[in-house]
Amino acid sequence: MIKLEDHRTEPQVNPKAYPLADATLTKTILDLVQQASNYKQLRKGANEATKTLNRGIAEFIVMAADAEPLEIILHLPLLCEDKNVPYVFVRSKQALGRACGVSRPVIATSVTIKEGSQLKPQIQSVQMAIERLLKGKTNSLLKIILSAV
């Protein structure tokens, strides 16, 4: 008897959506986004995220890897690199929208700085996790490149 594989696996993600959070980091990030929304420390949408980066009030940026076309948000990682702001992709714009407290999909969001915020420890923890994700991927890519030479 031939066993058919389950075809309900995760859809392929555009390789430009980098760094992509794993399931546990995604849950942590979306929980923090939901709390930030309650504390009025959240800006929703690519335009608002761009504004927070330009104004220097972004703690970190979360983008949806299934934005179509992805190029509409790919200016954000470049801005984040310039401003030294951590950024990460999550798989679903629907899940990001729900975490933001809206019924529509959200392709980008920015958690913003607020003096005396109770969320500061959680924000720092997520920022460190995103940095580790970036460093880990960079190191593995570097090893691949060096082994090819």
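**Exercise 1. In this predicted model, which residue of strand 3 stands opposite Ile-61, and how do strands 2 and 3 run?**

Start with the partner: Ile-61 sits across from Tyr-87 in strand 3. Now zoom out to the pair of strands. Strand 2 (residues 58–64) and strand 3 run parallel, joined by 4 bridges. Next, look for what links them. Helix 3 (residues 75–83) completes a β-α-β unit with strands 2 and 3, and that unit is right-handed.

**Exercise 2. Which way do the side chains of strand 3 (residues 87–90) point, and are they buried or exposed?**

Begin with the rule: side chains of a regular strand alternate between the two faces of the sheet. Then check it here. Tyr-87 and Phe-89 point one way, while Val-88 and Val-90 point the other way. Finally, the burial: all of these residues are buried, meaning under 20% relative accessible area.

**Exercise 3. Work out the strand order of the sheet and say what packs on it.**

First, the pairing of strand 2 with strand 4 (residues 108–112): this one is antiparallel, over 5 bridges. Within it, Met-63 has Ala-108 of strand 4 as its bridge partner. Put the pairs together and you get an open sheet of 4 strands in the order 1-4-2-3, with mixed pairing. Strand 1 (42–44) and strand 3 are the edges, each pairing on one side only. On average, neighbouring strands are turned by 20° against each other, direction ignored. Last, add helix 2 (residues 46–55), which packs on the sheet and touches strands 1, 2 and 4. The direction of helix 2 makes about 35° with that of strand 4.

**Exercise 4. Which residues of helix 1 are buried, and why do they lie on the same side of the helix?**

Get the geometry down first. Helix 1 (residues 23–38) has 16 residues and reaches 23 Å from first to last C-alpha, close to the expected 22 Å. Then list the buried set: Leu-25, Thr-26, Ile-29, Leu-30, Leu-32, Val-33, Ala-36 and Ser-37. These residues share a side of helix 1 because they cover an arc of only 165° around the axis. The spacing rule helps too: with 3.6 residues a turn, residues three or four places apart in an α-helix point the same way. Now flip the helix over: the face turned away from the buried side carries exposed Ala-23, Thr-24, Lys-27 and Asn-38. After helix 1 comes Lys-40, with a positive phi near 60°.

**Exercise 5. What pattern does the whole chain follow?**

Count the elements: 5 helices and 4 strands. Read them along the sequence and the pattern is α-β-α-β-α-β-α-β-α.

Definitions and conventions
Residues numbered from 1 in each chain as written. Predicted model: local features only at pLDDT ≥ 70, side-chain atom pairs only at ≥ 80, totals over all residues. Heavy atoms only, no water. Buried < 20%, exposed > 50% of the residue type's maximum accessible area, 1.4 Å probe, protein only. Helix = DSSP H or I, 4+ residues; strand = E, 2+ residues; numbered from the N terminus. Pairing = 2+ DSSP bridges. Right-handed = clockwise from strand over helix to strand, strands pointing away. Axes fitted to C-alpha atoms, helices over the stretch in contact; angles between N-to-C directions. Contact = heavy atoms within 4.5 Å. Expected span 1.5 Å × (residues − 1). Arc of directions from axis to C-beta.
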